[in-house]
Each structure stands twice: as structure tokens, then as C-alpha cells.
Amino acid sequence: MPAKDIFHDCVKHALIKDGWTITHDPLRIRLARGKNLFVDLGAERLLAAEKGTEKIAIEVKSFTRPSDMKDLQEAVGQFVVYTHLLRRYYPEYKLFLAVSENTCKTVFEEEAGQTLIEDGIIQLFSFDPNQEVIVRWLP
């Protein structure tokens, strides 16, 4: 079992406050030959208008290294791998990257991060680690 990100519980609480039910902590992707990958969280919520559920998987990243770009490269690589494996094993889940609002401003409002969002490479949401609330969802 992998170590939890420093913001793991904060994001979990923020999702619950936002109306999500945590279904997996972590969400295990079982691969052939006994290999496993773990996405930090799985969650769902009722969609009243559609009378169904929306399911998401969340990878939490703290961006604590000295280089934001190195953190971004690692996060995107992991995000791409998880996206494709979720499509195969859990196609009902949509993957999101969870980052603090500060990281969202310093990394994802800059050119490299903005390009990844605009080109549909990643979807993310930001959260306030002090209030444990979701600040905004980005496509």
C-alpha cells in the first residue's frame, strides 16, 4: 500500500463536504500478473436529474519539491497511466488531480499547466487545505 499524500485526509473531507461519498480509499487497479496500482480515492454522488451516479477517482498531489515542473511532470505521467488503466478496468470513473488552490495558481495558471488543462490532458480540482473545502473544478 503506497504512502498517503500530506493532503489526503484534507481532500477526503473536502469531497465529503461537497456531497461526495468516498467509496474507495484507495481505489485499487489490479493488473495482470499480480501487479497493483493505487489511485488515492474513489468517490461517487447521486445525480438527481439523471437518476444515476457520477463516479470519480482522485489522485492527490502536494507539489512540495523545490521544482514545480518536476512535480508536474511526475503528476502528469501518473495521471496519464491511471487514466488509461481506469478506462480499461473502471470505465465508469473519471480521474481528477487534486491540488491545493495555491498550487493551482502557481502551476496550473502558468503556461505548462494551462496547456495541459486546455488540451484535455488532465482534469483537476483545487482545495483549501485550511478550510478543507473544494475551491474550484477545472475541466
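**A walk around helix H2**

Hi everyone, let me start with a proline. Setting aside residues up to four places away in sequence, Pro129 touches Phe7, Cys10 and Ser100. Before I go on, please keep in mind that this is a predicted model. Pro129 sits in the loop between strand S7, residues 124–128, and strand S8, residues 133–138. Is Pro129 buried, exposed or partly exposed? Its relative accessibility is 30%, so Pro129 counts as partly exposed. The chain also brings Pro129 and Asp9 together from a distance in sequence: they are 120 residues apart along the chain, and their C-alpha atoms are separated by 9.6 Å.

That same loop holds another residue for you to look at. Glu132 has its place between S7 and S8 too. Its phi is near 55°, a positive value in a residue other than glycine. With 23% relative accessibility, Glu132 counts as partly exposed.

Now turn to helix H2, which runs over residues 68–89. How far should the 22 residues of H2 span? At 1.5 Å a residue, the expected value is 32 Å, and the end C-alpha atoms are 31 Å apart, which agrees.

Which residues of H2 are buried? They are Asp71, Leu72, Ala75, Val76, Phe79, Tyr82, Thr83, Leu85 and Leu86. Here is a bit of helix geometry to go with that list. An α-helix has 3.6 residues a turn, so residues three or four places apart point the same way. As for what these buried residues pack against, the strands are S2 (27–30), S3 (36–39), S5 (52–60) and S6 (93–100), and the helices are H3 (101–108) and H4 (111–118).

Let me stay with H4 for a moment. The axes of H2 and H4 come within 11 Å and cross at roughly 20°. Angles under 35 degrees count as roughly parallel, and H2 and H4 are therefore roughly parallel to each other. The crossing of H2 past H4 is left-handed. If you want to find the place on your screen, look for Met69, Leu72 and Val76 in H2, which meet Ala112, Gly113 and Leu116 in H4.

One more residue from the helix, please. Gln78 lies in H2. Which residues does Gln78 contact, beyond its neighbours within four places in sequence? The partners are Glu59 and Lys61. Gln78 and Arg30, by comparison, are 48 residues apart in sequence and 16 Å apart in space, C-alpha to C-alpha.

On to the inside of the protein. The largest nonpolar core has 24 residues, and those with the most contacts inside it are Leu97, Phe108, Ile122 and Leu124. Two or more residues each are given to this core by S2, H2, S6, H3 and H4. Which element supplies the largest share? That is H2, with seven residues. Apart from this core lies another, of 16 residues, including Leu41, Ile58, Ala98 and Phe125.

Ile122 is a good one to click on. Leaving aside its neighbours within four places in sequence, Ile122 is in contact with Val76, Phe79, Leu97, Phe108, Leu116, Ile117 and Pro139. Two of those partners, Val76 and Phe79, are also among the buried residues of H2.

Next, strand S5, where Ala57 is found. Ala57 has 0% relative accessibility and so counts as buried. Beyond residues up to four places away in sequence, Ala57 touches Leu27, Val39, Leu41, Gly42, Leu86, Tyr93, Lys94, Leu95 and Phe96. Cys104 is 47 residues from Ala57 along the chain, with 19 Å between their C-alpha atoms.

Leu47 lies in strand S4, residues 41–47. Its relative accessible area is 23%, so Leu47 is partly exposed. Not counting residues up to four places away in sequence, Leu47 touches Gly52, Thr53 and Glu54.

I'll finish with two backbone details. Where is the cis peptide bond? A cis bond joins Asp25 and Pro26, with omega about 5°. Pro26 lies in the loop between strand S1, residues 21–24, and S2. The other detail is Phe63, found in the loop between S5 and H2. Phi of Phe63 is near 55°, a positive value in a residue other than glycine. Phe63 has 10% relative accessibility and therefore counts as buried.

That's my tour, and thanks for listening!

Notes: Residues are numbered from 1 along each chain as its sequence is written. This is a predicted model: local features need pLDDT of at least 70, side-chain atom pairs count only at pLDDT 80 or more; totals for chains, interfaces and linings use all residues. Side-chain values use heavy atoms; hydrogens and water are left out. Helices (H or I, at least four residues) and strands (E, at least two) are DSSP runs, numbered from the N terminus. The expected span of a helix is 1.5 Å times one less than its number of residues. Buried means under 20% relative accessible area, exposed over 50%, partly exposed in between (1.4 Å probe, protein chains only). Contact means heavy atoms within 4.5 Å. A nonpolar core is a set of buried Ala, Val, Leu, Ile, Met, Phe, Trp, Tyr and Cys residues joined through side-chain atoms within 4.5 Å. Axes are lines fitted to C-alpha atoms, for helices over the stretch in contact, and angles run from 0 to 180 degrees between N-to-C directions. Angles under 35 degrees count as roughly parallel, over 145 as roughly antiparallel, 65 to 115 as roughly perpendicular and the rest as oblique. A crossing is left-handed if the near helix is turned anticlockwise from the far one by less than a right angle, and right-handed if clockwise.
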